[in-house]
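Reader: I've got a sequence and a model open on my screen, and I'd like someone to talk me through what's in there. Can we go piece by piece?

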Amino acid sequence: MIRIGRLTCVGALGLMLGACASAPVRYYTLLGSAPPAHSPMASNLWVNVGPVGVPSDMDQQAMVVRQSATRVDVLDSEQWASPLGEEVRSAVSAQISNRLGAPDLHGLAAADGKPGVRVSIQLRRFEAWLGSRVLLQADWALTYVRDGHSDSVMCSGQFETAATDTYPGLVHAGQQVVAQMANRIADRIADLERYGNVSAVPCNAGGRTHE
């Protein structure tokens with residue numbers, strides 16, 4: 001009887017450990033599914049959205065949620081479908097293509113002789129507060145390539161939207177702030193195509209280079 005009792009306890013413990021090991025992991029994406037609000041422009045440009053720079057403590061698949069000014073929680077059971085930098089890159093690329101009708105040539109060679117814009121993004125802050133807000137702060141460079149020459153302009157922006165007290169609601173708010181940034185970038189790319197030079201692009205960072 002004693003031996004059976006021990007085996008029963010061991011079996012129950014194994015079931016409990018198995019239940020803990022099989023806790024579900026939920027995956028989320030910043031790539032929104034909503035169609036563009038209007039028909040895309042007929043752009044003659046190509047676009048290349050490069051890898052997004054992200055502070056090392058945020059560039060992971062586990063969601064990082066702020067609890068206070070000094071504490072963050074890393075949620076192993078709530079994860080991005082890919083590391084945060086790639087999630088942002090994919091979402092920005094899709095939004096720009098929807099807005100401008102310009103293909104993203106990321107990973108491909110640009111068409112010979114056709115002008116285009118390389119987009120480089122560096123996230124500075126991506127703060128998610130459950131039941132409060134999501135805040136995104138970033139710098140980005142737009143490099144206008146035409147006739148064998150390139151001109152660059154540096155821009156920056158901060159975007160914020162309210163978030164509900166659920167993780168899907170938090171992700172939805174994240175999609176919104178990334179879409180806001182992508183729309184701002186798309187507007188500046190449209191300025192480049194319209195005016196043909198970086199000096200006409202209104203960016204609050206103001207730095208420009210020429211090669």
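**Strands, pockets and a core**

Author: Let's start with a pocket: strand 3 and strand 5 each supply at least two residues of the lining of the second largest pocket. Before going on, this is a predicted model, where local features need pLDDT of at least 70, side-chain atom pairs count only at pLDDT 80 or more, and totals for chains, interfaces and linings use all residues. Residues are numbered from 1 along each chain as its sequence is written, and side-chain values use heavy atoms, with hydrogens and water left out.

Reader: How many helices and strands does the chain have, and what pattern do they follow along the sequence?

Author: Helices (H or I, at least four residues) and strands (E, at least two) are DSSP runs, numbered from the N terminus. Counted that way, the chain has three helices and eight strands. Along the sequence they read α-β-β-β-β-α-β-β-β-α-β.

Reader: What share of the residues count as buried?

Author: Buried means under 20% relative accessible area, exposed over 50%, and partly exposed in between (1.4 Å probe, protein chains only). Of the 211 residues in the chain, the buried share is 39%.

Reader: Which element gives the largest share of the largest nonpolar core?

Author: A nonpolar core here is a set of buried Ala, Val, Leu, Ile, Met, Phe, Trp, Tyr and Cys residues joined through side-chain atoms within 4.5 Å. The largest one has 50 residues, and Val92, Phe126, Met181, Ile185 and Ile189 touch the most other members. Elements giving two or more residues to this core include helix 2 (84-100), strand 5 (116-129) and helix 3 (167-195). The largest share, twelve residues, comes from helix 3.

Reader: Back to that second largest pocket. Which element gives the largest share of its lining?

Author: A pocket is an open set of points on a 1 Å grid over the protein atoms alone, with protein on both sides within 12 Å along at least five of seven lines, while a cavity is a set where a 1.4 Å probe fits but cannot get out; lining residues have an atom within 4 Å of a point. Grid points are joined across faces, edges and corners, and a volume is the space filled by probe spheres set on the points. This pocket has a volume of about 210 Å³, and its lining includes Val64, Arg66, Arg125, Phe126 and Glu127. The largest share of the lining, five residues, comes from strand 5.

Reader: How many charged residues are in that lining?

Author: Ala, Val, Leu, Ile, Met, Phe, Trp, Tyr, Cys and Pro count as nonpolar, Asp, Glu, Lys and Arg as charged, and the others, Gly among them, as polar. By that sorting, the lining of the second largest pocket has seven nonpolar and no polar residues, and the charged ones number five.

Reader: Is Glu127 buried or exposed, and which side chain does its own side chain meet in a polar contact?

Author: Glu127 lies in strand 5, and it counts as buried because its relative accessible area is 13%. Contact means heavy atoms within 4.5 Å, and Glu127 touches Arg66, Arg133, Val134 and Leu135, leaving out residues up to four places away in sequence. A polar contact is a pair of N or O atoms within 3.5 Å; within protein, one must be able to donate a hydrogen and the other to accept it, and residues adjacent in sequence count only if both atoms are side-chain atoms. At 3.1 Å, the side chain of Glu127 has such a contact with that of Arg125.

Reader: What about the largest cavity: which element gives the most to its lining?

Author: The count comes to one cavity of 30 Å³ or more, and the largest has a volume of about 100 Å³. Its lining includes Met58, Val64, Trp80, Phe126 and Gly174, and by class it has ten nonpolar, two polar and no charged residues. The element that gives the most, with three residues, is strand 3.

Reader: And how far apart are the C-alpha atoms of Trp140 and Gln122?

Author: Trp140 is found in strand 6 and is buried, with a relative accessible area of 1%. Not counting neighbours within four places in sequence, its contacts include Ser120, Ile121, Met181 and Ile185. Trp140 and Gln122 are 18 residues apart along the chain, and their C-alpha atoms are separated by 6.1 Å.
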